[in-house]
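Trainee: Could you take me through one part of this model up close? I'd like to look at the aromatic rings and whatever surrounds them.

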Amino acid sequence: MAGTLKNVTDDSFEQDVLKSDKPVLVDFWAAWCGPCRLVAPAVEEIASEYHGRLKVVKVDVDQNQDVAIRYGVQSIPTLMVFKAGVVVDRVLGAVPKPRLVTMVQRHLAAVGS
């Protein structure tokens with residue numbers, strides 16, 4: 001579902017991710033990255049399925065290097081879960097959707113969702 005996934009920039013990262021009142025799944029990616037394209041459909045499905053309980057955003061590391069450097073992104077795709085402005089989980093590579101869902105659910109359960 002379009003509209004549930006947001007592209008975030010260096011300038012909007014603090015407001016969209018760090019100050020979010022919901023857990024945030026951040027997908028660090030680049031247009032040229034094959035594995036990023038493989039995981040993208042799962043990320044989009046999660047954004048739709050967890051809409052209202054989880055914020056899902058994408059950060060293009062080529063255009064937003066400050067955020068990528070700040071969070072130590074050295075390979076892509078890198079997916080991180082933020083809660084209250086803090087990284088609470090991360091996974092590297094094009095992992096299967098069930099692994100992403102397990103990671104997300106672990107952090108949603110802690111907030112009663």
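Mentor: Start with F13 and Y71, both of which are buried. Bear in mind that this is a predicted model. There are three aromatic pairs in the structure, and F13 with Y71 makes a tilted one, with 5.5 Å from centre to centre and 40° between the planes. That pair links distant parts of the chain: F13 belongs to helix α1, while Y71 sits in the loop between α3 and β4, 58 residues apart.

Now turn to the other side of Y71. Y71 and F82 pair edge-to-face, at 5.1 Å centre to centre and 85° between the planes. Since Y71 lies in the loop between α3 and β4 and F82 in strand β4, this pair ties together parts that are 11 residues apart in sequence. F82 is buried, as is Y71. Put the two pairs together and you have F13, Y71 and F82 in one aromatic cluster.

Next, the nonpolar surroundings. F13 and F82 turn up again in the largest nonpolar core, which has 20 residues; along with V26, F28 and I76, they touch the most other members. The elements giving two or more residues to this core are α1, β2, β3 (55–60), α3 (65–70) and β4 (78–83). Strand β2 supplies the largest share, four residues. Have a look at I76 while you're there: leaving out residues up to four places away in sequence, I76 touches F28, W29, A30, W32, C33, C36 and V61. There is also a second, separate core of 18 residues, with L25, A42, V95 and M103 among them.

One of I76's contacts, W29, has a charge to deal with too. The charged end of K58 sits over the ring of W29, 5.0 Å from the ring centre.

Back to helix α1, where F13 came from. D16 in this helix (residues 13–18) forms a salt bridge with K6, and the closest N and O atoms are 3.0 Å apart. K6 is in strand β1 (residues 5–7), 10 residues from D16, so this is another link between distant parts of the chain. D16 is buried at 9% relative accessible area, whereas K6 is partly exposed at 41%. E14 forms a salt bridge as well, with K19, where the closest N and O atoms are 3.6 Å apart. Here K19 is exposed at 53% relative accessible area, and E14 is partly exposed at 44%.

Just along the chain, S20 is in the loop between α1 and β2 (24–29). S20 is buried, with a relative accessible area of 11%. A polar atom of the S20 side chain lies 2.9 Å from the backbone oxygen of K22. Setting aside neighbours within four places in sequence, S20 is in contact with Q15 and K55.

The salt bridges go beyond this region, with six in the structure. One of them joins K97 and E49, at 2.7 Å from N to O. It links helix α4 (residues 97–109), which holds K97, to helix α2 (residues 34–49), which holds E49, and the two residues are 48 apart. Shared partners join E45, E49 and K97 into one network. K97 counts as partly exposed at 21% relative accessibility, and E49 is partly exposed at 46%.

Technical notes
Residues are numbered from 1 along each chain as its sequence is written. This is a predicted model: local features need pLDDT of at least 70, side-chain atom pairs count only at pLDDT 80 or more; totals for chains, interfaces and linings use all residues. Side-chain values use heavy atoms; hydrogens and water are left out. A salt bridge is a side-chain nitrogen of Lys or Arg within 4 Å of a carboxyl oxygen of Asp or Glu. Buried means under 20% relative accessible area, exposed over 50%, partly exposed in between (1.4 Å probe, protein chains only). A polar contact is a pair of N or O atoms within 3.5 Å; within protein, one must be able to donate a hydrogen and the other to accept it, and residues adjacent in sequence count only if both atoms are side-chain atoms. Contact means heavy atoms within 4.5 Å. A nonpolar core is a set of buried Ala, Val, Leu, Ile, Met, Phe, Trp, Tyr and Cys residues joined through side-chain atoms within 4.5 Å. Rings of Phe, Tyr and Trp (its six-membered ring) pair if their centres lie within 6.5 Å; planes under 30 degrees apart count as stacked, over 60 as edge-to-face and the rest as tilted. A charge sits over a ring if NZ of Lys or CZ of Arg is within 6 Å of the ring centre and within 35 degrees of the ring normal.
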